[in-house]
Amino acid sequence: MSGPLPAPELSKPPRQPQNSAPTGWWRTNPARIGFIAAVPICGLIAPGLGLVALAAALVALWLDNPWPKQGKVVATIAAGALLGAVAPAPAKNGPQGHPAALQGTPVAAAPTVSAAPVVSRRPLQDFRGQSLEVAYSRITKTGARVVFHDASDGDETIKFSSRGLWTVCFQKEAGTGIDAYPTVELGAVHRGDPCPTQDGGPLPLPTMPDLVGKTWAQAHPEVVALGVPAERVRARTAYVNDTLPDEGKYDAWRVCAHDPADGEPIRNNTDVTLYLSSPANGCPESHRGTGASAILPDRDDDGDPDYRDPYPSDRNRNHTFPDGLPKDSGDSNDSDGHGWNPCRHTRWC
């Protein structure tokens, strides 16, 4: 007999594929393309959100993606380019020279405002103390506009043709440093006058003192000390028919009046007149302080005051013959009838 039959060999169950689990939606090609498309959209909303969308797109492109490597690289570059196209301009450097983005400060997109162009120009020269004519000419050559006015409280109009007779006291530039053609305002006073302490203020001018009763030798230097040039201080006689002696011989004559009068302002271009009287005569009381208008007695009618005549009763003298008329002049008023005698008409004969 034959032995027992062998047991039938059972076949092995078929091997299940390892990737039998269902594929996630983020691993599908439409999802990968959607992640790439979301990068620029999120970047427009906020730069940080765009970076997050780019990171998600990179994970979807490179994790378990059956695409060839070349396709993945191209898709990565495309996603980065899309984000760069919508990213805002780089922020300016913040404090300590570090970019604001590196300090953790979010950079928000802001509209660009075009700044006004900055014009670089040299500062103007200081023309205070110089002639208004010089200042006007040199400033206008720089392209600036120049206006000028009286810096004193007199508010006098400065004629364009008389700018050389004025001196600049104040200089003010209107506008800012970015102005290409500013306006320069100049405040000036008459040449030789002192500048006021502030623009439009009174001039600190000296005033005429009371010189009546003082001698020429005393009054003249006192006027010069006020700033009046010596050649502008003039001597005149207090009496209209009197005559000044030669210069230096009337130092002892006294002042009866002066012009300008006591208390009036004095400029360095003011003419000062001192009306003098000889020590032999007093001042004309009725005209004291008002200038020469009185007349000294001239009893011999020779044109000279009596105090100048050695013999006031002698009428045979005039300006041509101050010592008497000669005999052959035919004048019947000859005092002695014997012709001109110099001894008779002097104090020493």
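The pLDDT expresses the predictor's confidence in each residue on a scale from 0 to 100. For the protein chain of this predicted model, pLDDT averages 75, and 66% of the residues score at least 70. Residues 94-102 fall below 50, and this stretch has twelve contacts beyond near neighbours in sequence, a contact being heavy atoms within 4.5 Å. Over residues 343-349 pLDDT likewise stays under 50, with 14 contacts beyond four places in sequence. Where pLDDT is low, the predicted coordinates should not be read in detail.

The model being predicted, local features need pLDDT of at least 70 and side-chain atom pairs count only at 80 or more, whereas totals for chains, interfaces and linings use all residues. Residues are numbered from 1 along each chain as its sequence is written, and side-chain values use heavy atoms, with hydrogens and water left out.

The largest nonpolar core (buried Ala, Val, Leu, Ile, Met, Phe, Trp, Tyr and Cys residues joined through side-chain atoms within 4.5 Å; buried, under 20% relative accessible area, exposed, over 50%, partly exposed, in between, with a 1.4 Å probe and protein chains only) contains 15 residues, of which Met208, Trp216, Val223, Leu274 and Leu276 touch the most other members. At least two residues of this core come from each of α5 (216-224), β4 (233-237) and β6 (272-277), helices (H or I, at least four residues) and strands (E, at least two) being DSSP runs numbered from the N terminus. Excluding residues up to four places away in sequence, Val223 touches Met208, Leu211, Val228, Val233 and Val272. Another core, of 13 residues, lies apart from it and includes Phe127, Tyr136, Ile158 and Leu186.
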